[in-house]
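Here's a walk through this model, starting inside and working outwards. Keep the viewer open so you can click along.

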Amino acid sequence: MAQFDLIMPKMGESVAEATIIKWLKQPGDTIELDEPVLEIATDKVDSEIPSPVAGILEKILFQEGETILVNAVIAHINTSADAVVSAPVSAPTAAAPVMESTSTSTLIAESDTDYRSASGRFYSPLVRNIAKEENVSMEELEKIVGTGKDGRVTKNDILAFIPQRSSSQAPVAVKAQAAPERIQAPAVSVSGGDEIIEMDRMRKLIADHMVMSKAVSPHVTSFIEVDMTSIVQWRDKIKSTFEKREGEKITFTPIIIEAVAKAIKDFPMINVSVDGTSIVKRKNINIGMATALPSGNLIVPVIKNADMMNLVGVTKSVNSLAARARSNKLSPDDISGGTFTVTNVGSFGNVMGTPIINQPQVAIMAVGVIKKKPAVIETPQGDVIAIRHLMFCSLSYDHRVVDGSLGGSFLRRVGDYLESFDPNTAI
């Protein structure tokens, strides 16, 4: 019998573990080459895992809901030509066995008990690594209220806890002060006609991230109104030709992202993160674009090195990421590494918004719907009233490191780049 070990794949440079959401195949089922075998979830994205071989699923080693280290063997597939469907093999017990790589015979997974505290509470390798790097004691870990499955402490839980700690205090003093800062949600009464809908996994992650961001950063929002008339007229002129030539549409999003990238180069201190009392100035300009999914959830794919692309390059990146987001084909690397985020509330017909910062970034810009309005235009012959295409832009920023002068100046520079767009631009 030829046996193939299916492993938990590495889903991005920063991903150390993944949770099995659902087995799409059961022991005894036939598997075709590249056919999805299971669904997994990381702290970044959900993915289907295809089989690199054809055969019969012989045995699954971990159950749905379990969190597994990358590169751990998760199932055995019988790849022999005469493989036949056999009776399902019983699943392993909760304490997973130690696995060894068939090629190197080196340890690649540890038992579940290796990640439990003396009290029996489970901590994932990722959470333990963060705790080690940030000098979070086991006593402190035990005090953190977990929002994960079975009350587990998630990555977002520990990252939200760390800023509450004072580096000048001993761990015991931190514990005494940190507890009162956790806000208790009010009790919710339910009447007979109300429907209770359980949040899906992604919505829980979004909720945790938003609460953490508001707790970490003092948010301030600035607004400007931008005359988009030249851009609207230019796009109307070239969109048909562009679609015939490139096979895809051009929207306003790439033009806005191009202007943001230029403004970031002018104001690089908007492209930073805060690490304790240090400011991390980012070398790369990686712009995330908030994208609504068919489920109603939100995801933020990232355009890497947006300042190094021309308008066609940005357009193709925007369209590709948006299409993969809608079809659930994004990889963890597609949504990691962002240094600034743009969100389009105008796509819902909204005129403006006050978005929440996508941590660990320090700023996020929202653009509203483009509407025709009467506006005063200054000419050499005097002021006139004309119909213009106007759009509100807002910038929410972390007031710890971005003051009103920087935030307001940056936002105005974005508007200046948009308003000075050359209507003769070739694309």
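The largest cavity is lined by V351, V369, K371, K373, L390, M391 and F392. Bear in mind as you look that this is a predicted model. About 30 Å³ of space lies inside that cavity, and a search of the whole structure turns up 1 cavity of 30 Å³ or more. Which strand gives the most to the lining? That's β19, with 3 residues. Two strands, β18 (371-379) and β19 (382-398), each supply at least two of the lining residues. Sorted by class, the lining has 5 nonpolar residues, no polar ones and 2 charged ones. As for how such a space gets spotted, rolling a probe the size of a water molecule over the atoms shows where empty space is left.

Zooming out for a moment, the protein has 427 residues, and buried ones make up 42% of them. Its secondary structure comes to 9 helices and 19 strands. Take the contacts between residues at least 6 apart in sequence: 62% of them join residues at least 24 apart.

**The sheets**

Quick refresher: strands of a sheet pair through backbone hydrogen bonds, either parallel or antiparallel. One open sheet here has 4 strands in the order β5-β4-β2-β7, with antiparallel pairing. Why is one side of β5 and of β7 left without a neighbour in the sheet? Both β5 (46-50) and β7 (67-69) stand at the edges and have a single partner strand each, so nothing in the sheet sits on their other side. From one strand to the next, the twist averages 40 degrees. Within this sheet, β2 (residues 17-23) and β4 (residues 36-41) run antiparallel and are joined by 4 bridges. If you want a pair to click on, W23 has L38 in β4 as its bridge partner.

Another open sheet, also of 4 strands, goes β1-β8-β6-β3, and its pairing is antiparallel. Its edge strands are β1 (3-7) and β3 (30-31), each of which pairs on one side only. The antiparallel strands β3 and β6 (residues 55-60) are held together by 2 bridges, and T30 finds its bridge partner in I56 of β6.

Further along the chain, β10 (residues 272-275) and β11 (residues 278-281) make a hairpin with 2 residues between the strands, where G276 takes a positive phi near 65 degrees. The two strands pair in the antiparallel sense over 4 bridges, and V272 is partnered by K281 in β11.

**Around β16**

Then there's β16, where 4 of the 5 residues are buried, so the strand is largely enclosed by the rest of the structure. It pairs in the parallel sense with β12 (residues 287-289) over 3 bridges, where I287 has F340 of β16 as bridge partner. On top of that, 4 bridges join β16 to β17 in a parallel run, and here T343 is matched with A366 in β17.

Here are the bridge partners named so far, gathered in one place:

| Residue | Bridge partner | Strand of the partner |
|---|---|---|
| W23 | L38 | β4 |
| T30 | I56 | β6 |
| V272 | K281 | β11 |
| I287 | F340 | β16 |
| T343 | A366 | β17 |

**Two loop residues**

The loop between β16 (340-344) and β17 (363-367) holds N358. Is N358 buried or exposed? Its relative accessible area is 18%, and since the cut-off for buried is under 20%, N358 counts as buried. Apart from neighbours within four places in sequence, N358 is in contact with H209, V300 and T341.

For a contrast in setting, look at M309, in the loop between β15 (302-303) and α8 (311-326). With 27% relative accessibility, M309 is classed as partly exposed. Leaving out neighbours within four places in sequence, M309 touches I303, K304, V314 and S317. How far apart in space are M309 and E258? The two are 51 residues apart in sequence, while C-alpha to C-alpha they lie 8.4 Å apart.

Conventions:
Residues are numbered from 1 along each chain as its sequence is written. This is a predicted model: local features need pLDDT of at least 70, side-chain atom pairs count only at pLDDT 80 or more; totals for chains, interfaces and linings use all residues. Side-chain values use heavy atoms; hydrogens and water are left out. Two strands pair if DSSP finds at least two bridges between them. Axes are lines fitted to C-alpha atoms, for helices over the stretch in contact, and angles run from 0 to 180 degrees between N-to-C directions. On a 1 Å grid over the protein atoms alone, a cavity is a set of points where a 1.4 Å probe fits but cannot get out, and a pocket is an open set with protein on both sides within 12 Å along at least five of seven lines; lining residues have an atom within 4 Å of a point. Grid points are joined across faces, edges and corners, and a volume is the space filled by probe spheres set on the points. Ala, Val, Leu, Ile, Met, Phe, Trp, Tyr, Cys and Pro count as nonpolar, Asp, Glu, Lys and Arg as charged, and the others, Gly among them, as polar. Buried means under 20% relative accessible area, exposed over 50%, partly exposed in between (1.4 Å probe, protein chains only). Contact means heavy atoms within 4.5 Å.
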